[in-house]
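Q: I'd like to talk through this model before I set anything up. Can we start with how the chains meet and then turn to the fold?

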Amino acid sequence: MKVGLLINEGPYNHQAADTAYQFARAALAKGHHIQRVFFYNDGVNNASKLTAPPQDDRHIVNRWSKLAEENGIDLVVCVAAGLRRGLVEDNLAPGFRISGLGQLVEAGIESDRLVVFGD
Amino acid sequence: MTQVAEAVERETQTRAVVKKFMYVNRKAPYGTIYALEGLEVALISAAFDQDVSLAFLDDGVYQLVKGQQTKGLEVKNFSPTYRALEGYDIEKLYVERESLAARGIREDQLLVPVQVVDAKEMAALMEQQDVIIGF
C-alpha cells in the first residue's frame with residue numbers, strides 16, 4: 001500500500017512526532033511504500049538541523065534523516081509554516097526539502113491512505 | 001475527433017483523479033494556529049480540482065461566528081477568508097448541530113451559509129471521504 005504521512009506537531013513537545021516515526025518504520029517493515037512525509041504546523045521543527053537533544057535521549061531529527069536515506073523517503077517541509085517558525089533551507093537536516101502545501105494535497109491524491117499525526 | 005485525439009482524451013480522463021477531501025476543524029479560531037493553517041490547506045487544495053468539503057465541530061464552530069474582534073489579541077482576524085471559499089468552489093461546509101447547541105450558537109450567527117448536520121450525519125459524511133485531514 002502507498003501511504004502518505006502528515007505530521008503537525010513539534011519534536012519533544014508532542015507524542016505525535018514520535019508516533020509518526022514509529023508508524024513509518026512499522027509500515028516499511030511490513031513492506032508498504034511511504035509516498036511522502038509532509039511536515040506542517042509546528043511539525044516543521046522536526047526538520048531543524050539545529051536540534052541538539054541531551055546525549056541520552058533519542059534524536060528525532062537525525063532519526064528521520066537516517067530513515068529517509070535508507071529507504072529513499074521524500075521528507076517535505078511546508079515553506080509557509082517553516083518561514084513563520086524560522087525554518088529555512090539553511091537549517092534543514094539532511095534528507096528534508098522545502099516545498100509548498102500542494103505537496104500535501106498531492107500526497108492525499110497519490111497515496112492509498114493519508115495518515116495524520118496531530119493533536 | 002481523430003483516433004489519436006480520442007486516445008489522448010481517454011488517457012487524460014483516467015489520470016485526472018478526483019478524491020473526496022474533508023478538512024475537519026475542531027479548534028477555536030484563536031489561541032492556537034490550527035484553524036488558520038488548516039484554512040490555508042483547504043484553499044490550496046481547491047487548485048487541485050478535488051472534491052473538497054469542510055467540517056466544523058467542537059470549538060471549531062467558533063471559527064465561523066460573525067463579528068470576530070481580534071484587536072485586543074493583536075492577531076489578524078482571518079474570518080473574512082471563510083467568505084472567500086465560495087470563490088474557490090469550496091461550497092460544502094458542514095457544521096455539527098450538537099456542537100452549536102452546546103455553545104449556544106445559532107445558525108444565523110454564522111458568517112457563511114452552511115449545512116447544519118447532526119453527529120450521525122457527520123459520521124456518514126466522513127465515511128464517504130477518501131482523505132480526512134483534521135486540524
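A: Contact here means heavy atoms within 4.5 Å, and the model is a predicted one.

Q: Ok, so how many residues of chain B are in contact with chain A?
A: On that definition, 22 residues of chain B are in contact, and they meet 18 residues of chain A.

Q: And how much area do the two bury between them?
A: Chain B and chain A bury about 1,600 Å² between them, with 60% of that area on carbon and sulfur atoms. Of the area that chain B buries against chain A, 29% is supplied by Tyr34(B), Glu37(B) and Phe48(B), which is more than any other three residues supply.

Q: What does Glu37(B) form a salt bridge with?
A: Its partner is Arg84(A), and the closest N and O atoms of that pair are 2.6 Å apart. The count between chain B and chain A is three salt bridges.

Q: How many residue pairs are in polar contact across the interface?
A: The rule finds 11 residue pairs in polar contact between chain B and chain A, counting pairs with both residues at pLDDT 80 or more.

Q: Which elements of chain B give two or more residues to that side?
A: They are strand 1 (20–25), helix 2 (34–46) and strand 5 (131–134) of chain B. Helix 2 of chain B provides the largest share of the side that touches chain A, namely eight residues. Sorted by class, that side of chain B has 13 nonpolar, four polar and five charged residues.

Q: Switching to chain A: in what order do the strands of the sheet run?
A: Chain A has an open sheet of five strands in the order 4-3-2-1-5, and the pairing is parallel. Strand 4 (96–99) and strand 5 (113–117) of chain A are the edge strands, each pairing on one side only, and from one strand to the next the twist averages 25 degrees.

Q: Over how many bridges do strand 3 and strand 4 of chain A pair?
A: Strand 3 (residues 75–78) and strand 4 of chain A pair over four bridges, in the parallel sense, and Leu75(A) stands opposite Phe96(A) in strand 4 of chain A.

Q: Which strands does helix 2 of chain A touch?
A: Helix 2 (residues 60–71) of chain A packs on the sheet and touches strand 1 (2–7), strand 2 (33–39), strand 3 and strand 4 of chain A, its direction making about 95 degrees with that of strand 4 of chain A.

Q: And what about helix 4 of chain A?
A: Helix 4 (residues 102–110) of chain A lies across strand 1, strand 2, strand 3, strand 4 and strand 5 of chain A, and runs at about 155 degrees to strand 2 of chain A.

Conventions
Residues are numbered from 1 along each chain as its sequence is written. Chains are lettered from A and ligands numbered from 1 in the order in which they are written. This is a predicted model: local features need pLDDT of at least 70, side-chain atom pairs count only at pLDDT 80 or more; totals for chains, interfaces and linings use all residues. Side-chain values use heavy atoms; hydrogens and water are left out. Two strands pair if DSSP finds at least two bridges between them. Axes are lines fitted to C-alpha atoms, for helices over the stretch in contact, and angles run from 0 to 180 degrees between N-to-C directions. Buried area is the accessible area (1.4 Å probe) that two parts lose on being put together, summed over both. A salt bridge is a side-chain nitrogen of Lys or Arg within 4 Å of a carboxyl oxygen of Asp or Glu. A polar contact is a pair of N or O atoms within 3.5 Å; within protein, one must be able to donate a hydrogen and the other to accept it, and residues adjacent in sequence count only if both atoms are side-chain atoms. Ala, Val, Leu, Ile, Met, Phe, Trp, Tyr, Cys and Pro count as nonpolar, Asp, Glu, Lys and Arg as charged, and the others, Gly among them, as polar.
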